[in-house]
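Please walk through this protein chain with me, beginning with its overall layout and then turning to its strands, a few individual residues and one of its pockets.

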Amino acid sequence: VDHLLSIAGALGDTPNIIAGDFNCSDVVCPEIYARIIAAGYRDAFASRGAQADPARAMTWDATNPLNAMGPYRLCPSQRIDHVMVSANSRLPMRPVACSIEFTDSIVTLPGGQAITISDHYGLRVQIAFGDDETPRDR
């Protein structure tokens, strides 16, 4: 995280987005999450109030078959994937919509074979830039 923040910090006031599986949140490894926020980033999902229902705001689900048999199976389901937007850029970015996507743990392929997709769900964020009212997916 420190390396990522150092690279992003070198961009100055250029608008930037850092996204991915950070294995942290304000609950899980809060010190890492706090470092990202202190570096001038805003959690797009949380800033939209999208985590009001924690059961629907998770990106890592302990009951997912890939997680249920793994070493972290006893961990609570949680949101550890993030889209962080620079809060102090010269072109403001506003998260306008957020959702958790691809929540089917198992999908059936043509021919009937059932497979798991991922151990994480997708996080979708729409962002408007500056005064632009047209959101763009990120």
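## A guided reading of the chain

Read along the sequence, the chain of this predicted model follows the pattern α-β-α-β-α-α-β-β-β-β-β-β, and its secondary structure comes to four helices and eight strands. Taken along the principal axes, the C-alpha atoms fill a box of roughly 50 × 35 × 25 Å. Of the 138 residues of the chain, 34% count as buried. Among the contacts with a separation of 6 or more, 65% are made by residues 24 or more positions apart.

A good place to begin is an open sheet of three strands, which are arranged in the order S1-S3-S2 with antiparallel pairing. Strand S1 (17-21) and strand S2 (41-43) stand at the edges, and because each has a single partner strand, one side of each is left without a neighbour in the sheet. Neighbouring strands of this sheet are turned against each other by 25 degrees on average, when direction is ignored. As general background, the strands of a sheet pair through backbone hydrogen bonds, either parallel or antiparallel.

The two pairings in this sheet can be followed one at a time. S1 and S3 run antiparallel and are joined by five bridges, and within this pairing alanine 19 stands opposite valine 83 in S3. On the other side, S2 pairs with strand S3 (residues 81-86) in the antiparallel sense over three bridges, and here arginine 42 stands opposite valine 85 in S3. Helix H2 (residues 30-38) lies across S1, S2 and S3, and runs at about 125 degrees to S2.

How many of the six residues of S3 are buried? Six of the six are, so the strand is largely enclosed by the rest of the structure. Both of its faces are covered, with Asp81, Val83 and Val85 buried on one side and His82, Met84 and Ser86 buried on the other.

A further pairing is found later in the sequence, where strand S4 (residues 93-101) and S7 run antiparallel and are joined by eight bridges. Arginine 94 stands opposite alanine 128 in S7. Strand S7 (residues 122-129) has six of its eight residues buried, so this strand, too, is largely enclosed by the rest of the structure.

The loops offer residues in contrasting settings. Arginine 56 lies in the loop between helix H3 (44-47) and helix H4 (65-68), and at 66% relative accessibility it counts as exposed, the cut-off for that class being over 50%. The C-alpha atom of arginine 56 is separated by 29 Å from that of glycine 130, which is 74 residues away along the chain.

Threonine 59 likewise lies in the loop between H3 and H4, but this residue is buried, with a relative accessible area of 0%. Not counting residues up to four places away in sequence, threonine 59 touches Gln78, Arg79, Ile80, Asp81, Ile100, Asp119, His120, Tyr121 and Leu123. One of these, Asp81, is also among the buried residues of S3.

Serine 105 belongs to another loop, the one between S4 and strand S5 (106-108). Is serine 105 buried or exposed? Its relative accessible area is 18%, and because buried means under 20%, serine 105 counts as buried. Leaving aside its neighbours within four places in sequence, serine 105 is in contact with Asn64, Pro65, Ile115, Thr116, Ile117 and Tyr121. Tyr121 is also one of the residues that threonine 59 touches.

From residues the reading can move on to empty space. Rolling a probe the size of a water molecule over the atoms shows where such space is left. The second largest pocket has a volume of about 180 Å³. Which residues line the second largest pocket? They are Asp21, Asn23, Val28, Trp60, Tyr72, Cys75, Gln78, Ile80, Asp119 and His120. By class, this lining has five nonpolar, three polar and two charged residues. Among the lining residues, Gln78, Ile80, Asp119 and His120 also appear in the list of contacts of threonine 59.

Definitions and conventions
Residues are numbered from 1 along each chain as its sequence is written. This is a predicted model: local features need pLDDT of at least 70, side-chain atom pairs count only at pLDDT 80 or more; totals for chains, interfaces and linings use all residues. Side-chain values use heavy atoms; hydrogens and water are left out. Two strands pair if DSSP finds at least two bridges between them. Axes are lines fitted to C-alpha atoms, for helices over the stretch in contact, and angles run from 0 to 180 degrees between N-to-C directions. Contact means heavy atoms within 4.5 Å. Buried means under 20% relative accessible area, exposed over 50%, partly exposed in between (1.4 Å probe, protein chains only). On a 1 Å grid over the protein atoms alone, a cavity is a set of points where a 1.4 Å probe fits but cannot get out, and a pocket is an open set with protein on both sides within 12 Å along at least five of seven lines; lining residues have an atom within 4 Å of a point. Grid points are joined across faces, edges and corners, and a volume is the space filled by probe spheres set on the points. Ala, Val, Leu, Ile, Met, Phe, Trp, Tyr, Cys and Pro count as nonpolar, Asp, Glu, Lys and Arg as charged, and the others, Gly among them, as polar.
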